[in-house]
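Please look over the sequence and the model below. The report that follows covers cores, strands and helices in turn.

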Amino acid sequence: MFLPETGVTGRIPLSIQLIGRTGFRSALIVALIAVFYLVGLPMIDGALRAPSVDAGRIVAAQGTSVVPPEGWAYDADSETFHVFTQAGATLIVTPVIAVSGSLEEAIQPTLDQLESDTEGQWVVSAPQEFETIAGDPAILLSAQNPTDAQLVWIVQHDDQQVSVVMTSPATSLETVFGSAQALVESLRFSKANNS
């Protein structure tokens, strides 16, 4: 049976349209191009738009560095440590020290001192353990009285420890605590001290 010509031709495969050839190799090239557009380009775009993990990293004390969250000003004049300030709070990262004990042993003298200070009227929380972004174990001790707050973090890496101490008016604690915790969690020991 003869069909009249309608002027409609069969659909030309995409591989022929793009490459001008038929066959497995042409189809494979088209498939790879499609995968690049669907997977590769979004990955490249995400990598270019994502902020660097180390963006804004500064030396916090001898042997350590941190990424201070927005709002924290710091004094870069000291060669041994930086003093960070925000909303009346002062945060100091001390230099690295060599230790042989645990975090609990390291925080105990501060806990004893605060609990024995009857004039300070400190309400001391139980120490809380956590990990930094770098995976180092850390501990936080916080104490508060009607006017002031004091927080002490200790971060340990192998046989090294760093203490971070923050004093703050009690009225500012809620404002600064989250970003102070983020600053401590960003703490990283320098490679020179990781040997």
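## The nonpolar cores

In this predicted model, the largest nonpolar core holds 26 residues, and Phe84, Leu91, Val93, Trp153 and Met166 touch the most other members. Several elements each supply at least two residues of this core: strands S1, S5 (89-93), S9 (137-144), S10 (148-157) and S11 (160-169), and helix H4 (173-185). H4 gives the most, with five residues. A second core of 10 residues lies apart from the largest one and includes Leu111, Trp122, Leu141 and Val152.

Nonpolar side chains tend to be buried together in soluble globular proteins.

Which residues does Met166 touch, leaving out those up to four places away in sequence? The contacts are Trp72, Ala89, Thr90, Leu91, Ala149, Gln150, Leu151, Trp153, Leu173, Val176 and Ala180. Two of these, Leu91 and Trp153, are themselves listed with Met166 among the residues that touch the most other core members.

## Strand pairing

The strand pairs below all run antiparallel.

| Strand pair | Bridges | A facing pair of residues |
|---|---|---|
| S1 and S2 | Three | Ile58 and Val66 |
| S3 and S4 | Three | Tyr74 and Phe84 |
| S4 and S5 | Four | Gln86 and Ala89 |
| S9 and S10 | Seven | Leu140 and Trp153 |
| S10 and S11 | 10 | Val155 and Val162 |

Start with the open sheet. Three strands form it, in the order S1-S2-S12, with antiparallel pairing. Strand S1 (58-61) and strand S12 (188-189) are its edges, and each pairs on one side only. S2 covers residues 64-66.

Now take S4. S3 joins S4 through three bridges, and S4 joins S5 through four. One face of S4 is covered and carries Phe84 and Gln86; the uncovered face carries Val83 and Thr85. Phe84 stands opposite Tyr74, while Gln86 stands opposite Ala89. S4 and S5 form a hairpin with two residues between the strands, where Ala87 takes a positive phi near 50°.

S10 comes next. Seven bridges tie S10 to S9, and 10 bridges tie S10 to S11. The hairpin between S9 and S10 runs through three residues. The hairpin of S10 and S11 has two residues between the strands, and there Asp158 takes a positive phi near 55°. Is S10 mostly enclosed or open, and what is the count of buried residues? Eight of its 10 residues are buried, so S10 is largely enclosed by the rest of the structure.

## The aromatic pair

A pair of aromatic rings is described by the distance of the centres and the angle of the planes. The model has one aromatic pair. Tyr74 and Phe84 form it, with centres 5.9 Å apart and planes at 45°, which makes the pair tilted. Tyr74 sits in strand S3 (residues 73-75) and Phe84 in strand S4 (residues 83-86), 10 residues apart along the chain.

Which partner is buried, and which is partly exposed? Phe84 has 0% relative accessibility, so Phe84 counts as buried. Tyr74 has a relative accessible area of 40%, so Tyr74 is partly exposed. Buried here means under 20%, and exposed means over 50%. The buried partner, Phe84, also belongs to the largest nonpolar core.

## The helices

Helix H3 (residues 103-116) has 14 residues. At 1.5 Å a residue H3 should span 20 Å, and its end C-alpha atoms are 20 Å apart, so the two values agree. H3 nevertheless bends by about 30° at Pro109. Its buried residues are Leu103, Ile107, Thr110, Leu111 and Leu114.

An α-helix has 3.6 residues a turn, so residues three or four places apart point the same way.

What do the buried residues of H3 pack against? They pack against strand S7 (123-124), S9, S10 and S11. One of them, Leu111, is also a member of the 10-residue core.

H4 has 13 residues. From its first C-alpha to its last, H4 reaches 17 Å, close to the 18 Å expected at 1.5 Å a residue. Its buried residues are Leu173, Val176, Ser179, Ala180, Gln181, Leu183 and Val184. Among them, Leu173, Val176 and Ala180 are touched by Met166.

Conventions: Residues numbered from 1 in each chain as written. Predicted model: local features only at pLDDT ≥ 70, side-chain atom pairs only at ≥ 80, totals over all residues. Heavy atoms only, no water. Pairing = 2+ DSSP bridges. Phe/Tyr/Trp six-rings, centres within 6.5 Å; stacked < 30°, edge-to-face > 60°. Buried < 20%, exposed > 50% of the residue type's maximum accessible area, 1.4 Å probe, protein only. Core = buried A, V, L, I, M, F, W, Y, C linked by side-chain atoms within 4.5 Å. Contact = heavy atoms within 4.5 Å. Expected span 1.5 Å × (residues − 1). Bend = angle between axes of the 7 residues up to and from the residue.
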